[in-house]
Amino acid sequence: MGDPLNAREDAAEALGMVARAAGPYLDALPHLPVRDATHAHLVDDLDGPLPDTGDGTIAAVADLLRIGTRAATHSSGPRFFHFVVGGATPAAQAADWVTSLLDQATGLWLTSPLAARAETVVLRWLKELLGLPASHGGVLTPSATAANLTGLACARHWWAGRHGVDVAAAGLAGLPPMPVFSSGYVHPSSRKALQLLGLGRDVVRALSRDDAGRLDVDALDRELASSGPAVLIGNAGEVNGGDFDPLDELADLAERHGAWLHVDGAFGLFAAVSPRTAGLVRGVERADSVAADAHKWLNVPYDSGMAFVRDPAALEGAFGGWHTAYLPDPDDELVNYNTRGPESSRRARAFPLWATLRAYGRAGHRAMVERHQDLALRLGRRIEESPDLELLAPITVFIVCFRYRPPGVPESELDDLNRELGEALIDDGRVYAGTTVYRGKVALRPAIVNWRTTEEDVDLLASVVRELGGRLLTTD
């Protein structure tokens with residue numbers, strides 16, 4: 001088919017094909033297995049030699065729809081409990097189509113006042129929703145990993161400044177190692193951010209008071225007394241048991257010792273939306289930087305993260321300063337968001353956020369947070385009522401950490417049994433939940449975070465776990 005210029009009249013029809021496929025797919029989504037093994041072979045149809053002249057717009061899109069609607073992991077459906085993966089609310093999903101349709105270059109106000117203004121509005125709405133001070137600076141990022149990178153880059157800029165160095169201009173050469181402290185809940189994304197910043201992923205000292213990883217506040221206090229300027233990483237939501245670091249106490253320590261407090265709130269930050277759970281993140285408003293994902297508990301499409309920094313100037317100190325004649329100078333009113341985060345080329349990820357916040361408001365998102373907690377508690381009751389299941393951690397928000405523990409099976413065999421069960425869940429495909437190791441025990445840790453999930457779905461999860469576990473016992 002050759003030059004896409006010759007296919008410009010196909011654009012509307014191609015988009016129409018996607019729209020016509022969307023209705024049946026979305027209608028079926030609540031009832032589909034998360035992964036259908038009978039369609040797994042279709043992914044091979046993506047392969048082959050690079051076409052010479054091409055098959056044309058309509059044929060290519062038709063093939064992608066044929067393969068994708070069948071062979072995709074239906075992670076946007078209500079029964080994907082593996083990792084912390086949200087869905088896409090109707091407003092957010094439609095707005096994501098608008099994002100692709102308009103295809104804005106959002107790094108500069110000059111290239112898209114629409115996208116820049118949308119981002120400014122969304123950041124303000126998010127601060128209101130999450131209880132963060134209006135004076136905080138912010139930027140949208142691709143993920144919580146990128147948001148952690150953004151916040152910790154600002155921390156590095158602050159820390160180097162305490163040693164008289166502009167690290168953005170001069171780099172880290174000659175500086176001592178930057179002290180970084182956290183609890184045992186520190187997430188790999190924070191370590192990855194430190195790695196990318198040249199500080200080292202193993203620079204973090206995890207001060208834990210037990211085998212769950214809970215923060216040893218007294219030990220941290222002693223370390224800060226002699227460390228000099230330091231960075232603390234508080235964790236608003238731990239991925240295995242769902243626990244939270246005591247952010248208020250961390251903020252007290254940061255103020256007492258002149259440290260920088262960064263909060264990784266990838267999913268847990270949204271506990272602030274409901275009075276039932278807001279106490280879990282009390283103190284986050286006192287942090288120097290905060291990171292979170294929107295494609296988790298806020299249920300907007302991938303990819304979508306956010307970073308907030310108490311001192312807005314720290315963002316441009318860490319990421320601005322292009323010294324290039326063709327780019328505009330910083331402007332507090334007409335914000336160029338590519339000077340406030342790691343990306344220069346950026347898609348307009350503010351649009352889905354704007355749409356979902358506009359569509360459902362504070363009350364709608366509070367209802368979603370509370371419903372997910374209710375569903376987690378319901379699953380917890382099912383576990384406690386079952387003679388062959390064992391709850392391993394208290395339920396805080398939406399993570400339920402438990403294991404299969406049938407009577408008569410020795411403790412020494414339970415880890416292998418639960419590993420096999422995790423693999424069987426994935427192979428079965430009706431529901432998705434993976435394994436982890438919590439306090440030395442192999443466990444399942446489903447995360448209930450999709451806006452579509454209902455009581456029927458969590459009940460099915462418990463039933464399938466028991467069914468597959470029983471099969472494993474009879475085949476061993």
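Before I start, one term: I count a helix and a strand as in contact when heavy atoms lie within 4.5 Å. I also keep in mind that this is a predicted model.

**Entry 1: the sheet**

I looked up how helix α4 (residues 113-130) sits, and found that α4 lies across β1 and β7, running at about 110 degrees to β1. Next I checked helix α8 (residues 217-227), which packs on the sheet and touches β2 (180-182), β3 and β4 (231-235). The direction of α8 makes about 170 degrees with that of β2.

Then I wanted the sheet itself. In what order do the strands of this open sheet come? I read β1-β7-β6-β5-β4-β2-β3, which is 7 strands with mixed pairing. The edge strands are β1 (137-141) and β3 (204-206), since each pairs on one side only. On average, neighbouring strands here are turned by 20 degrees against each other, direction ignored.

A reminder to myself: strands of a sheet pair through backbone hydrogen bonds, either parallel or antiparallel. I followed one pair by eye: β1 and strand β7 (residues 305-309) are antiparallel, with 5 bridges. In β7, Gly305 stands opposite Thr141.

**Entry 2: the nonpolar patch**

I turned to the surface. Which residues form a nonpolar patch there? I found Leu15, Val98, Leu101, Leu102 and Leu114, with about 460 Å² of accessible area together. Helix α3 (residues 90-102) gives the most to this patch, namely 3 residues.

I picked Leu102, which lies in α3. Its relative accessibility is 38%, so Leu102 counts as partly exposed, because that class lies between 20% and 50%.

**Entry 3: backbone oddities**

Another reminder: most residues other than glycine have a negative phi, and most peptide bonds are trans. I went looking for exceptions.

Asp103 has a positive phi, near 45 degrees, and is not a glycine. I located Asp103 in the loop between α3 and α4. Is Asp103 buried or exposed? At 63% relative accessibility Asp103 counts as exposed, because the cut-off for that word is over 50%.

Arg439 also caught my eye, with a positive phi of about 50 degrees although it is not a glycine. I found Arg439 in the loop between β10 (435-438) and β11 (441-444). Arg439 has 36% relative accessibility, so I noted it as partly exposed.

Where is the cis peptide bond that I noted? It runs from Tyr302 to Asp303, with omega near -5 degrees. Asp303 has its place in the loop between β6 (289-293) and β7, which took me back to the sheet of my opening entry.

How values were computed. Residues are numbered from 1 along each chain as its sequence is written. This is a predicted model: local features need pLDDT of at least 70, side-chain atom pairs count only at pLDDT 80 or more; totals for chains, interfaces and linings use all residues. Side-chain values use heavy atoms; hydrogens and water are left out. Patches are made of residues with over 30% relative accessible area and no salt bridge: like charges are joined within 9 Å, nonpolar side chains (Val, Leu, Ile, Met, Phe, Trp, Tyr) within 5 Å. Accessible areas come from the Shrake-Rupley method with a 1.4 Å probe; for residues, only the protein chains shown count as cover. A salt bridge is a side-chain nitrogen of Lys or Arg within 4 Å of a carboxyl oxygen of Asp or Glu. Helices (H or I, at least four residues) and strands (E, at least two) are DSSP runs, numbered from the N terminus. Buried means under 20% relative accessible area, exposed over 50%, partly exposed in between (1.4 Å probe, protein chains only). Two strands pair if DSSP finds at least two bridges between them. Axes are lines fitted to C-alpha atoms, for helices over the stretch in contact, and angles run from 0 to 180 degrees between N-to-C directions.
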